[in-house]
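Q: I'm new to reading protein structures, and I'd like to look closely at a single part instead of everything at once. Please pick one strand and walk me through its surroundings, step by step.

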Amino acid sequence: MLTPSTCRRLNKLDQIPSVWEGDRRSLQIDLDSGEMMGEDASDCVIWVDGSQGVVRAIEKVADDSGMEAVVRTLLRAMEYPHKPAQPARPQKIIVKDRELLFFLRGVLQDLDINLDYVPELPLIDELFRGLEDAVGGRPPKLPPQYLDPLNEQAAALWDDAPWDYLGDNQVISIELNYAGIESFYVSILGLLGLDYGILLYRSLESLKDFRASILANTSMENLESIFLSQDCIFLTYEGDEDFDDDIDDLGEFTWERVHGNFGSLHPLEGLRPFLHAEEALPAWIALKALHLFLSDHEDQLMDDWQEVIRQVYDIGIPKPLQESDINEEGDRIVSVTVSSMPTVANELLNDDGVVSFDEDSDYDEVLSVFQNMSRLQDDIIPNGSILQLDNLPWNFIEELRETVGYHEGTPCKRTSGNYPVLIVQSTRPKVKEIMAEIETRGGLRGLTLKPCQSPFGDDPFELGLLQLKNQEIHLVGEFDLENPYHSRPRQAWTANLKKTKGKCGLIIAMGATGQRRGDPDLSDMKAFYEVEMLSLDDIGLKDIKFFPML
């Protein structure tokens, strides 16, 4: 029986002179993959308006669910039907299951709906046949002969983890001149620890146009059309069924818990979650060459994007992967040239941070901005890191010193108050990179915070800076002085610095994409530097003006 309140709500709906058909069927084909399910076939409940010929509701249900699942779908068909149908009650319902008929009579007795039994439901029969024919006619996600080879390359590239050191602007060219593809232009996803994947753009113009459109877009409305305007083959990665996007960082998973998805984007074809053989072969060649290139030049690609790194690989195409019209006994060899594109990388990076000035801006101020930009470097703290000024209790600090994996500096003596620290939280791979970069430059000399005012009248802000022992000054990030989440701990910072006689700490923590995002605990903290809070005179920045980072 429905509750009285539910009955009242449903009786307020208009009753239309229609006959609805309802049934529960075993769906033999997975609607997402198009694969035959066999013994794993799932049940599906469907409600159709036979008078108007529209599906009002369709839903997959658990095999062990009872007739209540059929009723739940029926209620959705009444109150929240698929478009273009409107909320309504039917005048009559017909089913071909007598047991279901008796169940519905008991449940719907207060809704003034006639119920009847019929031996056949021709409309639903036809819909299910059409649905299975349509889905069953989809090609597989990958042609059978390419399934294992492409997955092997996906696994190899997952182990390479190029997103640990390459941004999506650091484009790599792969010259094929094979199977109708002259070149692919590779963009790596995953530097921020969010979505991991490899995009093989069919033209450099498509890559540039997509990035320019994203940067120029000021609303969410155009994002879908911008996304679909890309011209590329993609490989993206997903976690297993136990992966939780809100807690886990996919980048920390081994290949055994990850799988790759292949597909294509094209301005005219849209998104296709599968590859044809004509696409799968050049994609396999390109991914194999990319894996070899990353393996051979990882150290150079990490450090040097000023000079072109180029290498030629002879990729052998096994006989099972060759086109049917090729009659060769052994492997076919394709010569592939892979090279970094530092000019393009710099161009895209500059586009990402483009600065525009009003015509009325003072020339000296504008010139000063550009001159002082060169004083700062920003290649230690990665984009997407979470920054936090905090004041930690001394008990916590003492435990941190004992348990942290890496500690540098002379421990500050315990004082009243708390210990001022700057916490940088990133992903596990990025944390290792930050620590390595600081170490290769001789270690950390100190931190400073510089209040700034834009010459163009924006709100005041503050730059977090660190200076290394080799005298380099690196940007940590920008803090909004009007934001209470920064201004309140900032006041305590100043008070605690007086008590520690200028000593403060830098903590490097992982977990930026996990459950403790923005709130790392002791186990997340991998490095602790105890250093001096440097004055602006100490690092030569007292009289320099900066503008807000874009």
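A: Let's begin with a pair of residues you can find on screen: Leu265 stands opposite Leu271, which belongs to strand 11. Keep in mind as we go that this is a predicted model. Our chosen part is strand 10, which covers residues 258–266.

Start with the link to strand 11. Strand 11 takes in residues 270–272, and its pairing with strand 10 is antiparallel, with three bridges. Between strand 10 and strand 11 runs a hairpin, with three residues making the connection.

Now turn to the other partner. Strand 9, residues 232–239, pairs with strand 10 in the antiparallel sense as well, over eight bridges. Two of the matched positions are worth finding. Tyr237 has Gly260 of strand 10 as its bridge partner, while Ile233 is matched with Ser264 of strand 10. If you follow the side chains along a strand, here is a handy rule: in a regular strand they alternate between the two faces of the sheet.

Next, step back to see the whole sheet. It is an open sheet of eight strands, paired in the antiparallel sense, and the order reads 11-10-9-8-7-6-13-12. Strand 11 and strand 12 (310–317) are at the edges with a single partner strand each, so each has one side without a neighbour in the sheet. On average, neighbouring strands here are turned by 25° against each other, if direction is ignored.

Helices pack on this sheet too. Helix 5, residues 144–160, touches strand 8 (197–201), strand 9 and strand 10, and its direction makes about 70° with that of strand 9. Helix 8, residues 277–303, lies across strand 10 and other strands, among them strand 9, strand 11 and strand 12, and runs at about 140° to strand 12.

How enclosed is strand 10, then? Seven of its nine residues are buried, so strand 10 is largely enclosed by the rest of the structure. For comparison with the whole, 47% of the 550 residues of the protein chain count as buried.

Tyr237, the partner of Gly260, turns up again in the nonpolar interior. The largest nonpolar core has 51 residues, and Tyr237 and Ile285 are the ones with the most contacts inside it. Helix 8 gives the most to this core, contributing 12 residues. Leaving out residues up to four places away in sequence, Ile285 touches Leu176, Tyr178, Ile315, Ile317, Val334 and Val336. Another core lies apart from this one; it has 29 residues, including Leu2, Leu13, Trp47 and Ala69.

Finally, here is where our strand sits in the full picture. The protein chain has 13 helices and 21 strands. Among its contacts with a separation of 6 or more, 68% are between residues 24 or more positions apart. To retrace the tour, go back to strand 10, find strand 11 across the hairpin, and then look for strand 9 and its eight bridges.

Conventions:
Residues numbered from 1 in each chain as written. Predicted model: local features only at pLDDT ≥ 70, side-chain atom pairs only at ≥ 80, totals over all residues. Heavy atoms only, no water. Buried < 20%, exposed > 50% of the residue type's maximum accessible area, 1.4 Å probe, protein only. Helix = DSSP H or I, 4+ residues; strand = E, 2+ residues; numbered from the N terminus. Pairing = 2+ DSSP bridges. Axes fitted to C-alpha atoms, helices over the stretch in contact; angles between N-to-C directions. Contact = heavy atoms within 4.5 Å. Core = buried A, V, L, I, M, F, W, Y, C linked by side-chain atoms within 4.5 Å.
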